[in-house]
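Hi everyone, and thanks for coming along. I'd like to walk you through a structure that may be new to you, so settle in and have a look at it with me.

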Amino acid sequence: MVVMKMKFPFEKRVKLAQGLWLLSWVATMAGAVTFTLGCVLKTELRRRAEVMDNTEIHVVPNTLMIVGVASLGINYFAGRICQDALDAGRFPRWKNFLKPYFAVSCFFTVLMLLSVIMSYAMKGNLESSLKIGLKNGIRFYKDTDTPGRCFQKQTMDRLQMQFQCCGNTDYTDWFEVQWISNRYLDFSCKDVKDRIKSNVDGRYLVDGVPFSCCNPSSPRPCIQYQLTNNSAHYNYEHQTEELNIFVVGCREALVSYYMGLMNTIGVGVLSVFLIQASVLVSLRYLQTAMEAVAGQENTEIETEGYLLEKGVKETIMEYLDPVFKFLMLNKVEEGEATDS
Amino acid sequence: MAVGKVTFTKAERDKLAQVLWLLNWISVVTGVILFSLGLFLKVEIQKRREVMSDQDILYVPHMLITTGLVACCINFLGGKICYDSVDTTKFLRWKLVILPYIVCTFFFTFCVLVGALTCYSIRNQLEESLFLGLRNAMRYYKDTDMAGRCFLKRSMDLLQIQFQCCGNGGYRDWFHIQWISNRYLDMTSSTVVDRLRSNVKGKYLMDGVPFSCCSTFSPRPCIQLQVTNNSAHFNYNHQTEQLNLWRRGCHQALLDHYTGIMQSIGLIVLVIWLFELLVLTGVRYLQTAMENVLLLGDPDSESDGWILENSLAETARSNFNIIKNLGKCYQVDDDPNINIPTATEREVPSRQVQIPVAS
């Protein structure tokens with residue numbers, strides 16, 4: 001049972017070949033664009049690598065780059081094939097090449113679609129990676145004298161100022177961590193000693209945040225210490241004060257930034273996917289239509305083109321048989337049959 | 001004696017026309033580049049208009065924008081002329097236009113040069129404008145409740161964060177102005193009242209700076225209040241502490257930023273000017289060669305091309321005479337040396353011409 005049969009008179013075949021040649025060039029450029037988008041996404045992810053715990057999310061830009069490079073090759077061959085298609089003498093040399101070519105092309109085209117789906121599916125992964133990374137960033141904020149952690153303060157400050165966020169979930173995360181190093185605490189002072197004694201772990205905790213949490217849009221000079229103490233500042237009420245420091249948490253800010261970026265890239269990649277799929281479908285029709293012409297005296301007769309010779313299931317089994325044979329599954333079954 | 005005379009064969013003339021056609025199209029692209037440079041500069045200046053006291057320096061990007069647009073048109077026309085110059089019959093169409101075109105383009109290249117030179121000379125005006133603009137921005141920093149000034153705090157904070165600078169000349173400028181609004185000062189507190197009384201003008205001055213002056217490179221949490229009081233903070237010496245606040249003044253930072261941009265733009269415009277001059281020279285040679293071919297009558301013959309037909313002095317003299325005579329048309333003549341025929345003068349007898357009459 002043939003899938004999606006179509007009749008192709010000579011003029012239609014010629015038009016199909018010409019249109020396909022043009023489309024393959026468009027698809028080549030689209031493949032280059034996909035590669036560039038993958039590079040852009042990877043660069044953006046690497047910029048904030050210090051506040052990410054793992055690099056699992058990098059599978060999305062890596063896939064995009066691989067697919068971009070592969071589609072350059074796929075479309076180059078598509079262009080060559082359709083150039084030879086109308087010449088009955090030159091077309092038969094592609095005969096053996098086409099079956100594996102279609103298998104590989106379909107695989108990479110499906111991979112393109114998968115990468116878009118992955119970018120949405122890995123949101124949870126990104127969020128948990130950022131949660132751990134930001135928690136460490138806040139914890140090691142004060143360790144500017146420890147090698148390996150000395151840049152955490154600068155990273156956190158820059159991040160909070162650029163993304164206009166404060167803390168991990170929100171600004172209260174800074175209250176639970178000692179972010180002022182002991183080197184700058186006067187241990188002879190009574191206030192300092194009391195505060196350290198009142199804490200179970202002996203940490204100096206304050207209801208204050210670093211200066212990078214301050215919001216420039218606030219009408220009053222920034223209040224960063226004694227945030228929850230209304231009486232410490234004139235005309236101040238921390239429950240109603242919205243503009244003093246940034247209220248958004250950095251995890252939320254970063255996740256929405258990256259999701260926005262991946263949405264934009266996803267739209268582009270989906271359109272590239274449609275172009276690529278139409279190239280493959282047109283090439284398949286051209287191939288089957290030209291195969292029917294082979295061996296005929298009159299090359300200008302009307303022929304039929306189709307997508308699949310047999311049904312979908314049978315075609316899949318036909319492609320997977322060599323794979324099974326390679327895995328020697330058939331041999332094991334033969335062995336069992338002789339035993340019984 | 002012609003200036004820069006070169007002999008062209010037919011093949012050389014055709015090649016010159018083709019090369020010039022290509023160069024003119026490249027010049028259209030450089031015109032677009034000039035336009036976009038002007039646009040970029042305008043956007044950069046507009047971004048920081050709140051810290052500039054006057055917007056007069058906008059004439060530089062405006063000049064670049066107009067020059068770019070005019071360059072596109074001129075070179076597009078030049079391309080058309082060169083394209084038609086291969087065929088002598090088509091060249092006749094442009095015969096009357098081409099000399100005024102060359103003169104206009106010559107004066108236009110002056111504009112491009114002036115545009116390039118202003119980019120380098122703008123520094124003084126910019127310095128003054130930035131100084132006054134920043135002083136006002138700092139003075140009105142606290143006025144977030146007044147219309148027209150309510151965004152100055154935000155602009156100043158974002159400027160200091162982005163350019164990593166503090167104050168006008170340095171962070172001490174903040175000590176001389178009141179940057180905390182009276183709305184947030186507790187007038188019942190004795191410390192506040194004392195500080196206000198101790199100042200002649202009744203301003204609340206302190207040795208503190210806004211949070212945006214804090215440096216991200218500092219290893220310790222930012223010290224922004226009581227900056228000059230060593231005993232107020234543990235293990236702190238404000239004379240040796242370099243990393244706590246930004247050391248550079250915003251005046252210097254912005255000046256460097258804009259001077260850098262303008263110098264790069266000026267360099268690119270100079271290169272474009274040289275290119276335009278080259279194209280103009282080529283078009284002049286093509287014009288003179290084509291006109292000489294037309295004078296000779298044979299389109300395949302060799303012809304001479306030059307920059308000026310006579311030497312520079314003679315050309316200047318003849319042009320000056322033309323301008324003088326143009327002016328004479330509208331003048332009432334009282335010069336006694338000029339011979340104006342009047343009715344009292346003896347008429348010059350006309351020559352008798354004998355016409356043989358055929359009989």
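Let's start with a term we'll need: a disulfide is a covalent bond between the sulfur atoms of two cysteines. Here a pair counts as one when the two sulfur atoms are within 2.5 Å. And please keep in mind that what you see is a predicted model.

So, how many disulfides turn up over all chains? A search of the whole structure finds six.

Let me show you one in chain A. A:Cys165 is joined to A:Cys250, with a distance of 2.0 Å from S to S. This link is right-handed, with 85° about the S-S bond. Now, which parts does it tie together? A:Cys165 sits in the loop between helix H5 (152-163) and helix H6 (190-197), while A:Cys250 belongs to helix H7 (residues 250-293), so the bond connects parts of chain A that are 85 residues apart in sequence. Are these two cysteines buried or exposed? A:Cys165 has 0% relative accessibility and counts as buried. A:Cys250, also at 0%, counts as buried too.

Right beside A:Cys165 in the numbering we meet another bonded cysteine. A:Cys166 forms a disulfide with A:Cys213, and their sulfur atoms are 1.9 Å apart. Here the value about the S-S bond is 80°, and the link is right-handed. This pair again brings distant parts of the chain together: A:Cys166 is in the loop between H5 and H6 of chain A, A:Cys213 is in the loop between H6 and H7 of chain A, and 47 residues separate them. Both A:Cys166 and A:Cys213 are buried.

Let's hop over to chain B. B:Cys166 and B:Cys213 form a disulfide, with 1.9 Å between the sulfur atoms. The torsion about their S-S bond is about 85°, so this disulfide is right-handed. B:Cys166 lies in the loop between helix H5 (152-163) and helix H6 (190-198) of chain B, and B:Cys213 lies in the loop between H6 and helix H7 (250-296), 47 residues away. B:Cys166 and B:Cys213 are both buried.

If you number the bonded cysteines in sequence order, what is the pairing in chain A? For chain A it reads 1-6, 2-3, 4-5. For chain B it reads 1-6, 2-3, 4-5.

Some cysteines have no partner, though. Why is A:Cys106 too far for a bond? The closest cysteine sulfur, in A:Cys82, is 17 Å from the sulfur of A:Cys106, so a bond is out of reach. A:Cys106 is partly exposed, with a relative accessible area of 42%. In chain B, B:Cys111 is in no disulfide, and the nearest cysteine sulfur, that of B:Cys104, is 11 Å away. B:Cys111 has 41% relative accessibility and counts as partly exposed.

Before we leave the cysteines of chain A, take a look at A:Val248. This valine is in the loop between H6 and H7 of chain A. Setting aside neighbours within four places in sequence, A:Val248 is in contact with A:Gln164, A:Cys165, A:Cys166 and A:Ala253. Two of the bonded cysteines we have just met are in that list. A:Val248 itself is partly exposed, at 32% relative accessible area.

Next, the helices. In chain A, the axes of H4 (residues 123-139) and H5 come within 8 Å and cross at roughly 120°. The crossing is left-handed. Who makes the contact? From H4(A) come A:Leu134, A:Gly137 and A:Ile138, and from H5(A) come A:Gln152, A:Met156 and A:Leu159. By class, that is four nonpolar, two polar and no charged residues.

Finally, let's go inside. The largest nonpolar core has 77 residues, and among those that touch the most other members are B:Leu41, B:Trp174 and B:Ile265. Helices H1 to H7 of chain B each give two or more residues to this core. Which element gives the largest share? H7(B) does, with 16 residues. Leaving aside its close sequence neighbours, within four places, B:Leu41 is in contact with B:Val60, B:Pro61, B:Leu64, B:Ile261, B:Met262 and B:Ile265. There is also a second, separate core of 55 residues, which includes A:Leu126, A:Leu159, A:Val177 and A:Cys213. You've met A:Cys213 already: it is the disulfide partner of A:Cys166.

Technical notes: Residues are numbered from 1 along each chain as its sequence is written. Chains are lettered from A and ligands numbered from 1 in the order in which they are written. This is a predicted model: local features need pLDDT of at least 70, side-chain atom pairs count only at pLDDT 80 or more; totals for chains, interfaces and linings use all residues. Side-chain values use heavy atoms; hydrogens and water are left out. Helices (H or I, at least four residues) and strands (E, at least two) are DSSP runs, numbered from the N terminus. Buried means under 20% relative accessible area, exposed over 50%, partly exposed in between (1.4 Å probe, protein chains only). Axes are lines fitted to C-alpha atoms, for helices over the stretch in contact, and angles run from 0 to 180 degrees between N-to-C directions. A crossing is left-handed if the near helix is turned anticlockwise from the far one by less than a right angle, and right-handed if clockwise. Contact means heavy atoms within 4.5 Å. Ala, Val, Leu, Ile, Met, Phe, Trp, Tyr, Cys and Pro count as nonpolar, Asp, Glu, Lys and Arg as charged, and the others, Gly among them, as polar. A nonpolar core is a set of buried Ala, Val, Leu, Ile, Met, Phe, Trp, Tyr and Cys residues joined through side-chain atoms within 4.5 Å.
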